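Visitor: I've got a model to look through and a few questions about its packing and charges. Can you walk me through it?

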Amino acid sequence: MQDVRKWAEGPRRVLRRHRDPVVVQTLRSATAATIAYVVALRLSPEPAPLTAPLTALLVVQVTLYATLTNGFRRVNSVVAGVLVAIAFSQLVGLTWWSLALLIVASLAVGHLVRVDEYIPEVAISAMLVLGVTTISSTAWARIVETLIGAVVGMGCNLLLPPPVWVDEAGESIEGLARRLRQLMLRMGEEAAGLTPWRQAAERLHEARRLDHAIVEVDAALRQAEDSLRLNPRVREGLLHRVVLRTGLDTLEICTVVLRVLARTFTDLAKAREPEPLFASDAGAAVERLLSQIADAVVSFAVLVTTSISESAESAEARLTAELHSAAGTRDKLAELLRDDVRRDDRNWQLLGAVLTEVNRLLDELDTEHRTRRLLEELDRVSAEQRAKRPPWLTWLRERVGVPERLRRNRGGGPGRSL
């Protein structure tokens, strides 16, 4: 049986590797560059039209949205550079001072035509064209090769559709939630015993390091958001983008609150050393409460990343039950801490801060708060899109009308499928 599992794991590893962004980008870029070179050999007068595969290589991105936007900017940057080079060749030719003026003019033109990260490409194209002898033929050949590379690059994304990176973004969000859970469990175990303040400080440093994980998850989410734009295979792309984004926002707030809670534990350990952080009953309640909140964080991540309605309903029911149990434990902890403060009020500020931070975690994970936040963000993003919409498109939508089903779906829940 173990040999069968090992044999079955091989194809699964290959399939996961096939969807890896690095592998996908490498294969699609190589394909686009090769096709662009073959086409340019037939259409360009140059013996080695390397501008075409270079353009295709730069144009092809992981998502269709990035390919289209980068393709247009890439073409604009090269054409602008060629035009600047033609103007300089007619006026001054190539000298050391004309090269300096060419670079300054090209970079200025790049800012004017708004090619963003391709501004240096304007100067590069101008220098390459100005440095050759037959200016006119080379300039037109470079423009033709650039157009070939851009068309082939965008065509590869249409014929070979890029993957939708929602699953990868969901895995990143769930991974962040599990790291939060592990940290909460360790903090709870240490709160129930005798914890030196240096050990509590180590948990504080660990909570601070979670900021780097949030940056990585945000990058994966941005890629997923781009893959949902202009993708004909995706329905309700706006809804999924908002669900994932608001879910990450909630986890980020939970990370910040957990860091503050770790700081409170560190200060409490310093103040009470060599005594335990909490009395025995209160320490056990803190451990149980953090364990329940840790499970709720993972259930919340599953809720915002699932794409099947039945799974979303199950995750929401599980999250609601876990939050209800955590609220009961929180109330019990509040009674125990109140009794401790009556006996010894030296650290009442820190004990009160523990309850405040726990309440913030429960409020952020609350399902009603989540629904309200989701609807507000949907309304905000929809209003921004309407403001950017061309007047002629607004007029057309008013004349043709939008089906009522689509209007309802724009406000659907996070459990709707792709």
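Guide: Sure, one term to start: buried means under 20% relative accessible area, exposed over 50%, and partly exposed in between, with a 1.4 Å probe and protein chains only. This is a predicted model, where local features need pLDDT of at least 70, side-chain atom pairs count only at pLDDT 80 or more, and totals for chains, interfaces and linings use all residues. Residues are numbered from 1 along each chain as its sequence is written, and side-chain values use heavy atoms, leaving out hydrogens and water.

Visitor: Is R346 buried or exposed?

Guide: R346 meets D344 in a salt bridge at 2.7 Å, N to O (a side-chain nitrogen of Lys or Arg within 4 Å of a carboxyl oxygen of Asp or Glu). D344 has 29% relative accessibility, so it counts as partly exposed. R346 has 56%, so it counts as exposed.

Visitor: Which helices do R259 and D211 tie together?

Guide: Their closest N and O atoms are 3.0 Å apart, in a salt bridge. The two are 48 residues apart in sequence, so the pair links separate parts: R259's helix 10 and D211's helix 9. (Helices are DSSP runs of H or I, at least four residues, numbered from the N terminus.)

Visitor: Which residues have the most contacts inside the largest nonpolar core?

Guide: A nonpolar core is a set of buried Ala, Val, Leu, Ile, Met, Phe, Trp, Tyr and Cys residues joined through side-chain atoms within 4.5 Å. The largest has 65 residues, and the ones with the most contacts inside it are F265, F278 and I293.
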